[in-house]
Amino acid sequence: MTDETYTASIVGGTGFTGGELLRILSGHPDFEVVQATSRSADNMTVGRSHPNLRGLDLRFSDPDDLESVDVLFSATPHGVSMGQVDEYFEAADTVVDLSADFRLPEAALYDEWYDGHTSPEYLERAEYALPEINRENLSGADLIAGGGCNATATMLGLKPLVDAGALGPDTGEVVVDVKVGSSEGGAGGGAASSHPERSGVVRPYAPTGHRHEAEIEAYLGLDVSFTVHAVEMIRGASATCHVFPDEPVSKADLWQAYRGAYADEPFMRIVSGGGGVYRYPEPKAVAGTNYGEVGFELDPGNRRIVVFSAIDNMMKGSAGQAVHAANIALGLPEDAGLEFQGLHPVGSP
């Protein structure tokens with residue numbers, strides 16, 4: 001613990017990632033949560049929306065009355081933060097946004113993949129939150145943009161191959177299949193997320209043209225073929241990447257690439273064909289944690305590398321990533337508030 005305690009507010013505190021931020025920051029040794037906002041739950045206790053946090057002595061307040069804090073975390077739907085960012089900086093020295101509003105580096109990409117951008121002057125100022133991709137630029141950052149969960153899972157799996165030169169803009173081909181839990185749809189959900197409709201599905205919901213492709217291209221320089229399925233789990237994103245390199249790669253090359261990329265990373269685990277039940281990455285094994293797992297197998301007969309990665313979409317893919325990035329930006333220990341190791345055995349995440 002440092003000598004200084006940072007005050008924090010959470011805008012959009014009733015959503016799933018808002019709840020995860022509250023859970024993390026309420027136990028963080030260097031943060032004090034002084035405000036959580038919600039229009040729909042104004043003046044109601046945090047525990048009413050997040051029953052695991054019933055012991056937290058905090059009520060939601062109106063987001064139009066932001067308190068002055070050191071760090072403001074925004075867990076609002078896409079489009080809100082870009083319209084409120086000036087007000088956020090009036091209230092806080094550092095803004096951490098968990099939506100898509102600042103995660104792409106150029107306004108033209110928002111024209112292509114979203115519906116444009118109303119505050120493009122902030123894009124150059126924003127730093128991408130995923131430390132395994134952008135750690136060197138996070139120190140001292142005052143606008144931090146959370147990565148998308150599907151993009152996070154995919155990039156964590158592919159980054160070692162990019163670093164090793166096996167993949168690049170003009171090198172190799174990649175086909176990505178991601179399977180995600182229902183919490184990715186947020187607390188609002190919608191008809192497709194209701195239990196009778198969601199239960200038992202393996203549903204392709206973004207066969208082509210998923211917005212997270214833009215992040216993968218922006219930060220890894222890769223043009224991938226990308227498909228996402230909704231499956232029957234609550235937490236988790238599992239990416240299977242079929243990589244077809246231009247040149248042959250050995251199993252030793254793969255171990256060298258992945259160990260070289262992640263040996264010193266505090267939240268990355270390599271799980272690749274060992275013993276026991278969990279021989280490859282699984283979302284269930286990292287549920288509730290900020291850990292990411294990666295693994296691989298070589299298919300020499302088809303000149304293919306199969307890469308697996310698993311994260312908790314609300315933690316490593318959102319709230320945990322945001323707190324990890326904030327820790328780095330403020331010069332705090334990277335694992336502060338994020339030490340939870342998960343549970344075993346545990347039911348469906």
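Me: How many helices and strands are there in the chain?
Reply: This is a predicted model. Its chain holds both kinds of element, helices and strands. The count is 11 helices and 14 strands.

Me: The radius of gyration is 20 Å, so how compact is the chain?
Reply: Start with the globule rule, which gives 20 Å for 349 residues. The radius of gyration of the chain is close to that value. So the chain is as compact as a globular protein of that length.

Me: What box do the C-alpha atoms of the chain fill?
Reply: The box is taken along the principal axes. Its sides are roughly 60 × 45 × 45 Å.

Me: What percentage of the residues in the chain is buried?
Reply: Buried means under 20% relative accessible area. The chain has 349 residues to sort by that cut-off. The buried share is 54%.

Me: What share of the accessible surface belongs to carbon and sulfur atoms?
Reply: The accessible surface of the chain comes to about 14800 Å². Carbon and sulfur atoms account for part of that area. Their share is 47%.

Me: Among contacts between residues at least 6 apart in sequence, what percentage joins residues at least 24 apart?
Reply: Take the contacts in the chain between residues at least 6 apart in sequence. Then keep those that join residues at least 24 apart. They make up 69%.

Me: How far apart are the mean positions of the positive and negative charges?
Reply: The chain has 22 positive and 52 negative charges. Each set has its own mean position. The two mean positions are separated by 11 Å.

Me: Why does the count of disulfides come to zero?
Reply: A disulfide needs two cysteine sulfur atoms within 2.5 Å. For C149, the closest cysteine sulfur is in C241, and it is too far for a bond. C241 has its closest cysteine sulfur in C149, so the same gap applies. That gap is 14 Å.

Me: Are C149 and C241 buried or exposed?
Reply: The cut-off for buried is under 20% relative accessible area. C149 has 9%, and C241 has 0%. Therefore both count as buried.

Me: Which elements cover the buried residues of α1?
Reply: Helix α1 spans residues 16–26. Its buried residues are G18, G19, E20, L21, L22, I24 and L25. Their cover includes β1, β2, α2, β3, β4 and α11.

Me: Where does A129 lie, and which residues is A129 in contact with beyond its neighbours within four places in sequence?
Reply: A129 sits in the loop between β6 and α5. With a relative accessible area of 0%, A129 is buried. Leaving aside neighbours within four places, its contacts are L138, I144, A145, G146, G147, Q321 and A325.

Me: How far apart in space are A129 and S38?
Reply: In sequence, 91 residues separate A129 and S38. In space, taken C-alpha to C-alpha, the distance is 24 Å.

Me: Is N43 buried or exposed?
Reply: N43 is in the loop between β2 and α2. N43 is not a glycine, yet it has a positive phi of about 75 degrees. Its relative accessibility is 53%, so N43 counts as exposed.

Me: What is the phi of R303?
Reply: R303 lies in the loop between β13 and β14. R303 is exposed, at 53% relative accessible area. Although R303 is not a glycine, its phi is positive, at about 50 degrees.

Me: Is the peptide bond from H344 to P345 cis or trans?
Reply: P345 is in the segment after α11. The bond from H344 to P345 has omega near 0 degrees. The peptide bond is cis.

Methods:
Residues are numbered from 1 along each chain as its sequence is written. This is a predicted model: local features need pLDDT of at least 70, side-chain atom pairs count only at pLDDT 80 or more; totals for chains, interfaces and linings use all residues. Side-chain values use heavy atoms; hydrogens and water are left out. Buried means under 20% relative accessible area, exposed over 50%, partly exposed in between (1.4 Å probe, protein chains only). Helices (H or I, at least four residues) and strands (E, at least two) are DSSP runs, numbered from the N terminus. The radius of gyration is taken over C-alpha atoms; the globule rule is 2.2 Å times the number of residues to the power 0.38. Contact means heavy atoms within 4.5 Å. Accessible areas come from the Shrake-Rupley method with a 1.4 Å probe; for residues, only the protein chains shown count as cover. Lys and Arg count as positive and Asp and Glu as negative; His and the chain ends are not counted. The place of a charge is taken as NZ of Lys, CZ of Arg, CG of Asp or CD of Glu.
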